[in-house]
Amino acid sequence: MLKLFERNTVFQVVVIIVATVLLWSGAFADPQPMEPASHFAPLYGLLCSLALSPTLCVAIAMLLTLLCGYWLNLMLTHVGLASQNSLLPTLLFVVAASACETTLSPMLIASLITISVVNLLLLRSSLLTVSSDKIFGAATLIGIASMVYLPSLTLIVAYLLIAINYRLYSWRDWMVFLLGLLAPYLLLWCILLFTGGLVASFNAIALDFTSISISVGDFSPLQAIANAFLLMVFAVSLFIVWRHIGEKTIVWQKNATTLMLITLAAVAMLPLGQLFPVRLQFLAVPFSLCVTHRLGLMPRATLANRRTSWRSRLYDLLLILIILAAVLC
């Protein structure tokens, strides 16, 4: 299956469409309205004020996930992190982002904005650093994401480590990042200053960060097993990619590290949201990269090596189980 997936574009598109339909069929069968914001979320509140129909919310969430998955695929291909003829990153992103998701939610939208953040921070030449305009843009997008889903501010944790990876130590780089992060908030506060909601916004932000609580959602035993399986696959894949990262070029290493560091933001986000089942939206970007390369280590089957052939079938089975586990979540 994976061999055919690598070679046949039509087969890849069909598999992605089938997987998307399976993942979202339950949501279309019982469409839910937009998920209410549980944190300070002025931009998401504006979107909620449109009063979109539940079916339209589900359709928008599905299409955004699919389009962003394809965009991520193009981005990984452009910087050499994925094969030119493979749509496997798209499939894996859709799987991770759609698991545990039933409609348009602040976490889903914010996680899709993360792709834009990563896109600005990836290296595309032998120059092993990031320009000031891209730092400013990435910081601004983090600020915008936090206006949709406030816990997205944990992306700052990932950026701090990315800055160390790129050796962005100068005071100018830090000031550019700070100004970029504050830019959307300064605009918001100027508006609230004239509408009388400035103090209320400060109180809402303070309340969100002072009322940290560990919560566990409702789940069946089958859902718990499926969620744990996806987390285990990601953890193993992350370890394997990290283990083999020294075999790649410096640019590849730094780009892959940038994507994998998003994992820390997702982990830091857990106390501000649901501990279990883990919602995989913020893990979708590193999940796509790591599992793609985990499956890419599949041995080539030969007629003379039956053991290798069985191992190839096990990799095919693993991909199928990943899709089924996401559906069961």
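**Exercise 1: The length of helix 4**

Work out what span helix 4 (residues 54-78) should have in this predicted model, and compare it with the distance between its end C-alpha atoms.

*Solution.*
Step 1. Start with the size of the helix: helix 4 has 25 residues.
Step 2. Apply the rule that the expected span is 1.5 Å times one less than the number of residues. For helix 4 this gives 36 Å.
Step 3. Now compare: the end C-alpha atoms of helix 4 are 36 Å apart, which agrees with the expected span.
Step 4. Look just past the helix. Glycine 80 follows helix 4, and its phi is positive, near 80 degrees.

**Exercise 2: What helix 4 packs against**

Find the buried residues of helix 4, then name the helices they pack against.

*Solution.*
Step 1. Collect the residues with under 20% relative accessible area. In helix 4 the buried residues include Cys57, Val58, Ala61, Met62, Thr65 and Cys68. Further along, Gly69, Leu72, Asn73, Met75, Leu76 and Thr77 are also among them.
Step 2. Look for their partners. The buried residues of helix 4 pack against helix 2 (9-29), helix 5 (88-98), helix 6, helix 12 (250-260) and helix 14 (284-296).
Step 3. Take one partner, helix 5, and check its cover. Helix 5 is mostly covered, with 11 of its 11 residues buried; among them are Leu88, Pro89, Phe93 and Ser98.

**Exercise 3: Unusual backbone spots**

Where do alanine 51 and cysteine 100 sit, and are they buried, partly exposed or exposed? Then find which residue is joined to proline 277 by a cis peptide bond.

*Solution.*
Step 1. Alanine 51 is in the loop between helix 3 (42-48) and helix 4. Its phi is near 55 degrees, a positive value in a residue other than glycine.
Step 2. Alanine 51 has 63% relative accessibility, so it counts as exposed.
Step 3. Cysteine 100 comes after helix 5, in the loop between helix 5 and helix 6. Cysteine 100 also has a positive phi, near 65 degrees.
Step 4. With a relative accessible area of 24%, cysteine 100 is partly exposed.
Step 5. For the cis peptide bond, check omega: it is about -5 degrees between phenylalanine 276 and proline 277. Proline 277 lies in the loop between strand 2 (274-276) and helix 14.

**Exercise 4: A pair of rings**

Decide how the rings of tyrosine 185 and tryptophan 189 are arranged: stacked, edge-to-face or tilted?

*Solution.*
Step 1. Remember what to look at: a pair of aromatic rings is described by the distance of the centres and the angle of the planes.
Step 2. The ring centres of tyrosine 185 and tryptophan 189 are 5.5 Å apart, and their planes meet at 45 degrees.
Step 3. Planes under 30 degrees apart would count as stacked and over 60 as edge-to-face. The pair of tyrosine 185 and tryptophan 189 is therefore tilted.
Step 4. Place the pair on its helix. Tyrosine 185 and tryptophan 189 are 4 residues apart in helix 9 (residues 171-195), so about one helical turn separates them.
Step 5. Compare their surroundings: tyrosine 185 counts as buried at 6% relative accessibility, whereas tryptophan 189 counts as partly exposed at 22%.
Step 6. Widen the view. The model has 7 aromatic pairs, and Tyr159, Trp174 and Phe177 form one aromatic cluster.

**Exercise 5: Empty space**

Describe the largest pocket and the largest cavity: how much space lies in each, and which residues line them?

*Solution.*
Step 1. Begin with the pocket, which holds about 560 Å³ of space. Of its 31 lining residues, the closest to its centre are Met107, Gln274, Pro277, Val278 and Arg279.
Step 2. Ask which elements contribute. Helix 6 (106-121), helix 11 (221-244) and helix 13 (262-269) each give two or more residues to the pocket lining, and helix 13 has the largest share, 4 residues.
Step 3. Sort the pocket lining by type: 18 residues are nonpolar, 9 polar and 4 charged.
Step 4. Turn to the cavity. The count of cavities of 30 Å³ or more is 1, and about 50 Å³ of space lies in the largest cavity.
Step 5. Its lining includes Val117, Ile142, Tyr159 and Thr258. Helix 8 (155-165) and helix 6 each supply at least two lining residues, with the largest share, 4 residues, coming from helix 8.
Step 6. Sort the cavity lining too: 9 residues are nonpolar, 1 is polar and none is charged.

Notes: Residues are numbered from 1 along each chain as its sequence is written. This is a predicted model: local features need pLDDT of at least 70, side-chain atom pairs count only at pLDDT 80 or more; totals for chains, interfaces and linings use all residues. Side-chain values use heavy atoms; hydrogens and water are left out. On a 1 Å grid over the protein atoms alone, a cavity is a set of points where a 1.4 Å probe fits but cannot get out, and a pocket is an open set with protein on both sides within 12 Å along at least five of seven lines; lining residues have an atom within 4 Å of a point. Grid points are joined across faces, edges and corners, and a volume is the space filled by probe spheres set on the points. Ala, Val, Leu, Ile, Met, Phe, Trp, Tyr, Cys and Pro count as nonpolar, Asp, Glu, Lys and Arg as charged, and the others, Gly among them, as polar. Buried means under 20% relative accessible area, exposed over 50%, partly exposed in between (1.4 Å probe, protein chains only). Contact means heavy atoms within 4.5 Å. Rings of Phe, Tyr and Trp (its six-membered ring) pair if their centres lie within 6.5 Å; planes under 30 degrees apart count as stacked, over 60 as edge-to-face and the rest as tilted.
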